[in-house]
Amino acid sequence: MPGPYDRLVAGDPTPNAQTVEALLDTTWRIADEERARTEGYDRKAAAIATFASLLTTLTATLGTRFLELIDKLWALAVFSAGLLLLVLSVVLAVVVLLPKEYRTLGMEYLRRFPTWSEILKRPEDVRGETMRGVIEAIALERQQNDRKGELIRAALLTLLAGLVVIASEAAILGAEGVL
């Protein structure tokens, strides 16, 4: 049984210019939000990388005292595990910061703009095509951001584990000093 909108789809539908404009505006807003999400992840990753790098350097420098006082294989294992976790945290955060391709409308599409085939199109058709390209860029950036989020979580958890190991070294040193 035909629905009430079937007659609108039959033949060549004419898009509502105002609807297309509203959808394109919404698409640009979502693109801006996704770009802001990217920048937020990058700031978090930079903070993690900086803090973990500093902590790694301090641990490597001051950890030799731990190994001097406790000349045991397990002490070397604890020290190495803590250092490895901190370095891994730095690496994960830096991977987030590696340059990625900027997602936007493709050059092939943009090169068509000055051609007559594009210039003669109805504005709503151009907006619709633009919207389609921006949505594809948003989808790719969202996938990239989801991956960044996973890497940042892993960097934070690894940093936390490294801090726990380093804190246990400090506790052992404290206990050795008391005994």
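**Helix packing and salt bridges**

Colleague: Is Lys121 buried, exposed or partly exposed?
Modeller: Keep in mind that this is a predicted model. The relative accessibility of Lys121 comes out at 26%. Buried would need under 20% and exposed over 50%, so Lys121 counts as partly exposed.

Colleague: And which residue forms a salt bridge with Lys121?
Modeller: Opposite charges can pair when the charged atoms come close. For Lys121, the closest N and O atoms of its salt bridge are 2.6 Å apart, and the cut-off is 4 Å. The partner is Glu129.

Colleague: How many salt bridges does that rule give?
Modeller: The rule asks for a side-chain nitrogen of Lys or Arg within 4 Å of a carboxyl oxygen of Asp or Glu. Counted that way, the salt bridges come to 12.

Colleague: Let's look at Arg35 and Asp32. How many residues apart are they in helix 2?
Modeller: Their side chains meet in a salt bridge, at 3.0 Å from N to O. As for exposure, Arg35 is partly exposed at 22% relative accessible area, and Asp32 is partly exposed too, at 45%. Both sit in helix 2, with a spacing of about one turn, that is, three residues.

Colleague: What about Glu150 and Arg147: how far apart are the closest N and O atoms?
Modeller: Helix 6 (residues 123-178) holds both residues, and because they are three residues apart, about one helical turn separates them. Glu150 is partly exposed at 42%, and Arg147 is partly exposed at 47%. They form a salt bridge, and its closest N and O atoms are apart by 3.4 Å.

Colleague: Which residues are linked in a network of salt bridges?
Modeller: Here the salt bridges join up into a network rather than standing as a single pair. Its members are Glu34, Arg37, Arg142 and Asp146.

Colleague: On to the packing. Are helix 2 and helix 3 roughly parallel or roughly antiparallel?
Modeller: Helix 2 (residues 17-69) and helix 3 (residues 73-97) have axes that come within 8 Å and cross at roughly 160 degrees. An angle over 145 degrees puts a pair in one class, so helix 2 and helix 3 are roughly antiparallel.

Colleague: Is their crossing left-handed or right-handed?
Modeller: The contact of helix 2 with helix 3 has 23 nonpolar, six polar and one charged residues. As for the hand of the crossing between helix 2 and helix 3, it is left-handed.

Colleague: How far apart are the end C-alpha atoms of helix 3?
Modeller: Helix 3 has 25 residues, and at 1.5 Å a residue they should span 36 Å. The model agrees with that, with the end C-alpha atoms apart by 36 Å.

Colleague: Which residues of helix 3 are buried?
Modeller: The test is a relative accessible area under 20%. In helix 3 the residues that pass are Ala75, Phe79, Gly82, Leu86, Ser89, Val90, Leu92, Ala93 and Val96.

Colleague: What is the C-alpha separation of Gln144 and Val96?
Modeller: Gln144 lies in helix 6 and counts as buried, at 15% relative accessibility. Val96 is one of the buried residues of helix 3. They are 48 residues apart along the chain, and their C-alpha atoms are separated by 9.5 Å.

Colleague: And for Ala60 and Ala75, what separates the C-alpha atoms?
Modeller: Ala60 is in helix 2 and is partly exposed, at 33%, while Ala75 is among the buried residues of helix 3. With their positions 15 residues apart along the chain, the C-alpha separation is 14 Å.

Colleague: Last one: how far is the C-alpha atom of Ile48 from that of Arg65?
Modeller: Ile48 belongs to helix 2 and is buried, with 7% relative accessibility. Ile48 and Arg65 are 17 residues apart along the chain, and their C-alpha atoms are separated by 26 Å.

How values were computed: Residues numbered from 1 in each chain as written. Predicted model: local features only at pLDDT ≥ 70, side-chain atom pairs only at ≥ 80, totals over all residues. Heavy atoms only, no water. Axes fitted to C-alpha atoms, helices over the stretch in contact; angles between N-to-C directions. Helix = DSSP H or I, 4+ residues; strand = E, 2+ residues; numbered from the N terminus. Parallel < 35°, antiparallel > 145°, perpendicular 65-115°, else oblique. Left-handed = near helix turned anticlockwise from the far one by under 90°. Nonpolar A, V, L, I, M, F, W, Y, C, P; charged D, E, K, R; others polar. Expected span 1.5 Å × (residues − 1). Buried < 20%, exposed > 50% of the residue type's maximum accessible area, 1.4 Å probe, protein only.
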